[in-house]
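Here's a quick walk through one protein chain, from the overall build down to a handful of individual residues. Have the viewer open as you read.

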Amino acid sequence: MKEICRSLGWSLVRENSLKNRICFFILIISHISLFTHCGNRAESNGGNDGFNRLSQASSPYLREHADNPVDWYEWSPEALQKAEKENKPLIISIGYSSCHWCHVMEEESFMDTAVARLMNRNFISIKIDREERPDIDQIYLNAAQLISGNAGWPLNAFALPDGKPFYAATYYPKDQWLTLLQQIHEAYTKEKENVIKQAEAVTRGVATHEQIIQPGDSATEVIEKTYLEIFSRWSADLDYQYGGLNGSPKFPMPVNWEFGLQYHFLTGHKKALEIVTTTLDHMAKGGIYDHLGGGFSRYSTDSEWKVPHFEKMLFDNAQLVSLYAHVYQVTKNPLYGDVVRETLEFVKREMTGAEGGFYSSINADSEGEEGKFYTWTKGEIENILEGETAAMLTAYYNVSDSGNWEKGRNILYRSFGAEEFASRYQATTAEWNTTLREAKTKLLQARNARVRPSTDDKILTSWNALMLMGHLDAYRATRDANYLNTALKNAAFLENKMLRDDGGLWRNYKDGKANIDAFLDDYAFLSRAFIHLYQITFDIHWLESARLVADFAIDHFRDPETGMFYYTSDLAESLIVRKMEITDNVMPSSNSVLAEVLFLLGEYFQESSYSAKAGMMLNHILPDRIKTSPVFYANWARVAGLFVYQPFEVAVLGISALEKSRDIQEHYNPLAIFLGGTVDNLPLLENKYVDGKTIIYVCRNRICKLPVEDVAKALEQLRHR
């Protein structure tokens, strides 16, 4: 077992070190195979455990476990008090509805009466939806990373009655889970002093993980040299053949490509645009994209984007709509416009509630099989389409008799563009596109008759804010008014259902009821979305709402010593540690987005206190963190770009202000912020209204170029940085 510790890069040298204590605990239960593979995403199916506590939960994921024989609790004081009273350790099992391996572990273990008997006798078991309670998930995910080096879902943590973790890992097959339960029970009853020491050591490690502790400096000096170095440091991680980051599995990581696009715009660096377009091209052709129904799966299991993990998440599709819309603005590649349109059609059809909120996810599994809803045998396609059309479509999407996936089934993916493929069949591109469109419609109709994967219909504030942004970015790029109308309906829903009068937010909405106090990502993402909604509509209400939400975050989440923001409010329930979210990943970190929000509010309201707070936050990241790991600070790098190059303030005032502003915003410009209307209701608009005219002012640091009335002239002014 010492070899296991050494394989993690640890050594049993320092008697009281955190890693030593973790390894010591591993030695206690050394005869179990603890280091099983990290189970990734999936769903869970449930039932009725006889205790039925979860049947009234707001989370669909928790409800799915309501008929398990395991005596599940939700996270609550009641559960912790019961564990304390009965002197039992906690099992904290964390997952989410569309998580495949969560579903597998439930079927194998949590629905098994022998397993449940052992869990119920020796533990207090708590079920958590990580999407509802990311604050709790963060703690035990960090514990798993510290202890085993693995993290993922299902996440199963063992903790003292007060919640301090002493062991955490991911998926276990039933036999290994039973053995682990017995050994944890024996360790807790016979080696409790060591278990307590382990829990204290792990908790200290969790508390310091991704935590800023040094005082902040409000004097911001982001130099251009630091920004310019980021891409070269990042470049070694990039796959220029298939796009994305090197290796597999491949996650979309839209935050990275948004930075790459900004970097290209600001520096003219061709390689930066190349990696972005290569990534978007291969994703749009690959199996990660749903070629019939639109939208993207969670990630690709291979390095070529061909084989997806089939669940569809709102946050992925929201960010990818924004990304494809931005790159469409730059390149005008019709493929990117098609992806935007098809993905938003999918969201409207399958992930939008009647009140205007967006649902969280769609499961990977149906009828007990992953991907069954989305995959095809060649015979199924040939039964639906006519002979020549079937032959062309199966060739276009790499469908074979033997299948390119499991059980003779096929994932649809493309190796060629439409033009190249059409020429192989002596057809024009227009002819093939017509044939393809009609064939896809027939196949989608047939697919819709299948048993559908389940939908997690809870509505989360932060993810909805991302999809609100997606619709706004799609509107900018395409000028399709339907996207703006959907964005306005969603914004009204979020304001009416999730926003309180004091600026506080709810995180979750389900069955007509909002619950769970929101976390920092909810505040950061929503305030940013409201700022962008103002830029499109010039309705000052949305900018004031963004300020209201951000001010609440300042009052209740900010650490005055460091200037960074905790993930949980000072009004929230007390957990064993209070965490910060710093690194950007599949989604941008809440701190980086809030730094962007504060910078923009400082510009709009000309209040230096906002700008200083944003600068203090960025000072903790630049230059060292971005230099050493730019992949995980991509949104921070975007914020750095705003500080280095300073935004254009594009003020448009007059009766045609909205139309002219939208004409300008149709062009990608990550440095431009827009304001205007018919009233000079912001400091940057003072004394700029001219009766009977619509005037465009392109300014920087309140110094304006020659006012113009023509959009083309304003665009020319914006090209000269």
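What follows starts with the whole chain and then stops at a few residues.

## The overall build

Keep in mind that this is a predicted model. The protein has 28 helices and 20 strands. Its radius of gyration is 26 Å, close to the 27 Å that the globule rule gives for 721 residues, so the protein is as compact as a globular protein of that length. Along the principal axes, the C-alpha atoms fill a box of roughly 85 × 70 × 50 Å.

As for the inside, 61% of the 721 residues count as buried. Take the contacts with a separation of 6 or more, and 71% of them come from residues 24 or more positions apart.

## Surface and charge

About 26,700 Å² of the protein is exposed, and carbon and sulfur atoms supply 48% of that area. On the charge side, there are 75 positive and 95 negative charges, and the mean positions of the two sets sit 2 Å apart.

## Asp522, a buried acid

Asp522 belongs to helix 21, which covers residues 520–537. Why does Asp522 count as buried? Because its relative accessibility is 0%, and the cut-off for buried is under 20%.

What does the side chain of Asp522 have beside it? One of its polar atoms lies 2.8 Å from the backbone nitrogen of Phe519. Setting aside neighbours within four places in sequence, Asp522 is in contact with Thr461, Ser462, Leu505 and Arg507.

## Two buried loop residues

Leu682 sits in the loop that runs between strand 18 (672–677) and strand 19 (695–700). It's a loop residue, but with a relative accessible area of 3% Leu682 is buried. Not counting residues up to four places away in sequence, Leu682 touches Tyr534, Ile540, Leu543, Tyr604, Phe605 and Leu675. Take Ile540 from that list: 142 residues separate it from Leu682 in sequence, yet their C-alpha atoms are 8.8 Å apart in space.

Gln211 is another loop residue, placed between helix 9 (192–208) and helix 10 (224–234). Its relative accessible area is 15%, and Gln211 is buried too. Beyond its neighbours within four places in sequence, Gln211 is in contact with Tyr566, Arg578, Lys579 and Met580. Thr279, by contrast, is 68 residues from Gln211 in sequence and 32 Å away in space, C-alpha to C-alpha.

## Cis prolines

Which residues does a cis peptide bond join at Pro249? The partner is Ser248, and omega for that bond is about -5 degrees. Pro249 falls in the loop between helix 10 and helix 11 (254–267).

A cis bond also runs from Leu622 to Pro623, with omega near -10 degrees. Pro623 lies in the loop between helix 24 (608–619) and helix 25 (624–628).

## Positive phi without glycine

Asn87 isn't a glycine, but it has a positive phi of about 55 degrees. You'll find Asn87 in the loop that links helix 4 (77–86) and strand 3 (90–95). With a relative accessible area of 44%, Asn87 is partly exposed.

Glu367 isn't a glycine either, and its phi is positive at about 50 degrees. Look for Glu367 in the loop between strand 11 (365–366) and strand 12 (369–370). Glu367 is partly exposed, with a relative accessible area of 49%.

Notes:
Residues are numbered from 1 along each chain as its sequence is written. This is a predicted model: local features need pLDDT of at least 70, side-chain atom pairs count only at pLDDT 80 or more; totals for chains, interfaces and linings use all residues. Side-chain values use heavy atoms; hydrogens and water are left out. Helices (H or I, at least four residues) and strands (E, at least two) are DSSP runs, numbered from the N terminus. Buried means under 20% relative accessible area, exposed over 50%, partly exposed in between (1.4 Å probe, protein chains only). A polar contact is a pair of N or O atoms within 3.5 Å; within protein, one must be able to donate a hydrogen and the other to accept it, and residues adjacent in sequence count only if both atoms are side-chain atoms. Contact means heavy atoms within 4.5 Å. The radius of gyration is taken over C-alpha atoms; the globule rule is 2.2 Å times the number of residues to the power 0.38. Accessible areas come from the Shrake-Rupley method with a 1.4 Å probe; for residues, only the protein chains shown count as cover. Lys and Arg count as positive and Asp and Glu as negative; His and the chain ends are not counted. The place of a charge is taken as NZ of Lys, CZ of Arg, CG of Asp or CD of Glu.
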